[in-house]
Structure formats: structure tokens, C-alpha cells
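Here is a short briefing on selected features of one structure. Please read it alongside the coordinates.

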Amino acid sequence: MSDVKLELLKQIAHGLAAQFGSDCEVAIYDLSRNSVENSIVYIENGQVTGRSVGEGLSGVVLKAIKHPDAPKTDHLAYLSKTSSGRILRCSTLYINDDSGKPHYILSINYDITNLLALENSIHYLTGVQPEETDSGSAEPGTVPIDVNSLLDELINQADRSIGTPAPLMNREEKIRAINFLNEAGAFLITKAGDRIAEHFGISKYTLYNYININK
């Protein structure tokens, strides 16, 4: 029965890869092998992560093998990052055997790096600046309705000022973006430091070091 199920998974994997193109990696892991080092039994577009059949070092697989009787829940549409810095939108689906225990994992890893860059460019081109009155303040209705919306808008403006999505920014670009936020007064908002540090994938210690660099 498992061979039939595996052939069906291979058919699905091939169809998904054909549907979404070369940026979509689809891999099948066989958990019955009890090894994180050679658990991949089928893969389409392995160039996305640089993996091939016979490999399969993965934290997901390691946890599944180490705790085979623990309940498994599919993990859908989460973000991950390759060692080369590519941003992936991933889904992990557990395929059970006849006894109800996970036998296979169907892993979908879609490289959205270029899409993120395109999205940022489109926002930059289509974004508008609030019109100002004679007194220099924005017209009514052009400002966010609460501080959270205001902080989100300032962060979006910082990203657009750099022209690169936050996950792809290097250290210098993050410093420039954080300086933009500092100049805009973003850090006057309660707990803004936590939100901004999370957005740029850095610690609060690093965040305030970056601020001090510009003083």
C-alpha cells in the first residue's frame, strides 16, 4: 500500500512543480528510513534548495523521527530562508500510513525572493504621499487611525526608501532603514522597538546599536 501511496505522491509532486514552475521545489520524505540524512526519496526542482534524492537533512524530519508517536499537524504557508539568502514560502504535509502514523512528508518550497522584490517595486511606484495643508499637516483621513497602523505605514515607507524587502537587506541597508524610522519618530511609539527588531530580523540590542551608529 505504501508503494501505491508513494507513486500517488510522486504524481502530485510532479503536477505541482509543473503548475508553479522552476521556483517551486516539491520533495517527498520517507520517514520509515529513520534517518535525516537520506530521507528524500523524490524531488522536483531541487535546485531551489540545492538538495537531491538520497539527502534530506531537515529539522522537520528529525523531529518526526525522534517523536514518531507524537501528533503531527501540517504546517502551511510559512516563510523560510536558504543558506544563500533566498526567501521561501513553504508548506509541510504529513502523510499517514494505515495505522495513522506519519510515513511520508510532502514538502513544498516556493522561492518568492523575486516576487518580494517586485512587490516592493510596485508599492514604491503606486504609493502616494499625504497631501499637506498650508499649516504643513496632513489632510484629515490621510493618517492611520491608530498607532499600530501608523507604525506599520512607517515601516513600509522605510522598506520602500531602501527598495529591498527587509529579509533581503544587508547590514548597511538595515541601518539606513532604521535611521529613516528614527528620523520619522517611529521609536516614540510604545514598544516600537520590538516590532521593528522583529521586522528586520535582528535583536533589540543590535537595533539600538544601529541607531547609535547614526548619532
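Leu118 sits in helix 3, which spans residues 113–126. The model is predicted. Leu118 is partly exposed, at a relative accessible area of 48%.

**Surface patch**
- Leu118 joins Leu115 and Ile122 in a nonpolar surface patch of about 270 Å².
- Leu118 can count towards this patch because its relative accessible area is 48%, and patch residues need over 30%.

**Sheet**
- Five strands make up an open sheet, ordered 2-1-5-4-3, with antiparallel pairing.
- Its edges are strand 2 (40–44) and strand 3 (75–81), each of which pairs on one side only.
- On average, neighbouring strands of this sheet are turned by 20 degrees against each other, direction ignored.
- Strands of a sheet pair through backbone hydrogen bonds.
- Seven bridges link strand 1 (residues 24–30) to strand 5 (residues 102–111), in the antiparallel sense.
- Opposite Tyr29 stands Ile105, a residue of strand 5.

**Helix 6**
- Which residues of helix 6 (residues 192–200) are buried? They are Ala192, Gly193, Ile196, Ala197 and Phe200.
- These residues lie on the same side of helix 6, because they cover an arc of only 125 degrees around the axis.
- An α-helix has 3.6 residues a turn, so residues three or four places apart point the same way.
- Gly201 comes just after helix 6 and takes a positive phi of about 65 degrees.

Methods. Residues numbered from 1 in each chain as written. Predicted model: local features only at pLDDT ≥ 70, side-chain atom pairs only at ≥ 80, totals over all residues. Heavy atoms only, no water. Patch = residues over 30% accessible without salt bridge, like charges linked within 9 Å, V, L, I, M, F, W, Y side chains within 5 Å. Areas by Shrake-Rupley, 256 points an atom, 1.4 Å probe, with all protein chains shown as cover. Salt bridge = Lys/Arg side-chain N within 4 Å of Asp/Glu carboxyl O. Helix = DSSP H or I, 4+ residues; strand = E, 2+ residues; numbered from the N terminus. Buried < 20%, exposed > 50% of the residue type's maximum accessible area, 1.4 Å probe, protein only. Pairing = 2+ DSSP bridges. Axes fitted to C-alpha atoms, helices over the stretch in contact; angles between N-to-C directions. Arc of directions from axis to C-beta.
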